[in-house]
Amino acid sequence: MGDVTAVVFVIDNDPSMRAALGDLVGSVQLEVRSFASPQDFLASRQPDVPGCFVLDVRLPGMSGLTFQNELARMGVDLPVIFITRHGDIRMSVRAMKAGAFDFLTKPFRDQDVLDAIQAAIERDRERRRDAALVSDLQERYATLTERERQTMRLVVIGHANKQIAAELDLSEMTVKVHRGQVTRKMRTSSLPELVRIADRLAVACANVVGDLYKNHSASTEFVPTADEHARANGFARSWGTHLALANL
């Protein structure tokens, strides 16, 4: 067998249902791994590849909903598609609130299952691409010196070089050098691109771009005025960002 590119994990205690789902998913050239219970899945080793779960709600030992919570606790982010013969609105709402991707009631149309699976796998691929991008941005940010980080924080909320120089007690020429280093290390070609990167970092880990208004003195914290709050928020919105300003 070649390299695994995507896997559909089917968990159902009914052997005939597992076989039917296996044949259905296999018909569109996707790999299927079937289990009679969540415990069987947890006891196995699986590849770290895009995929999804097709999971019965009612299972012996550990219900599908309980297993969904266990997956979240373990940090397993694969989308979950629930299937059930005994579903109701309350159960489906509970599953969706807990993050389920879809909820299908038996008997279901084969195409509905395949459509849900394809969409779930694509969502997982997008999640993995996004995680890889954020990891790369974090690595870039980690190469900045503390002064370069301070400069970047002030740049992305709209401060001009003269303002940054005054805030950090530096010459404007030194600020230009730091900005150049930020541009090079963060691999950006424009201010809007740098703002978008800051936004992604702030969403992924708020502490990275937090404390935006701290000055160069560790013992003295600059408290922004209402006008400065408005300017920072307005600048962020103008570039479609949602910078973490909660700690201001």
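A polar contact is a pair of N or O atoms within 3.5 Å; within protein, one must be able to donate a hydrogen and the other to accept it, and residues adjacent in sequence count only if both atoms are side-chain atoms. One such contact, of 2.9 Å, links the side chains of Glu 31 and Arg 33. This is a predicted model: local features need pLDDT of at least 70, side-chain atom pairs count only at pLDDT 80 or more, and totals for chains, interfaces and linings use all residues. Numbering starts from 1 along each chain as its sequence is written, and side-chain values use heavy atoms, without hydrogens and water.

Glu 31 belongs to strand 2, residues 31–35. Strands (E, at least two residues) and helices (H or I, at least four) are DSSP runs, numbered from the N terminus. Glu 31 counts as buried because its relative accessibility is 18%; buried means under 20% relative accessible area, with a 1.4 Å probe and protein chains only.

Now the sheet. Five strands make an open sheet, in the order 2-1-3-4-5, with parallel pairing. Two strands pair if DSSP finds at least two bridges between them. Strand 2 and strand 5 (102–105) each have a single partner strand, so one side of each lacks a neighbour in the sheet. Strand 4 (residues 80–84) runs parallel to strand 5, and four bridges join them. Phe 82 has Phe 103 in strand 5 as its bridge partner.

Helices come next. Helix 1 (residues 15–26) packs on the sheet and touches strand 1 (7–11), strand 2, strand 3 (51–56) and strand 4. Touching here means contact, with heavy atoms within 4.5 Å.

Note on methods: Buried means under 20% relative accessible area, exposed over 50%, partly exposed in between (1.4 Å probe, protein chains only). Axes are lines fitted to C-alpha atoms, for helices over the stretch in contact, and angles run from 0 to 180 degrees between N-to-C directions.
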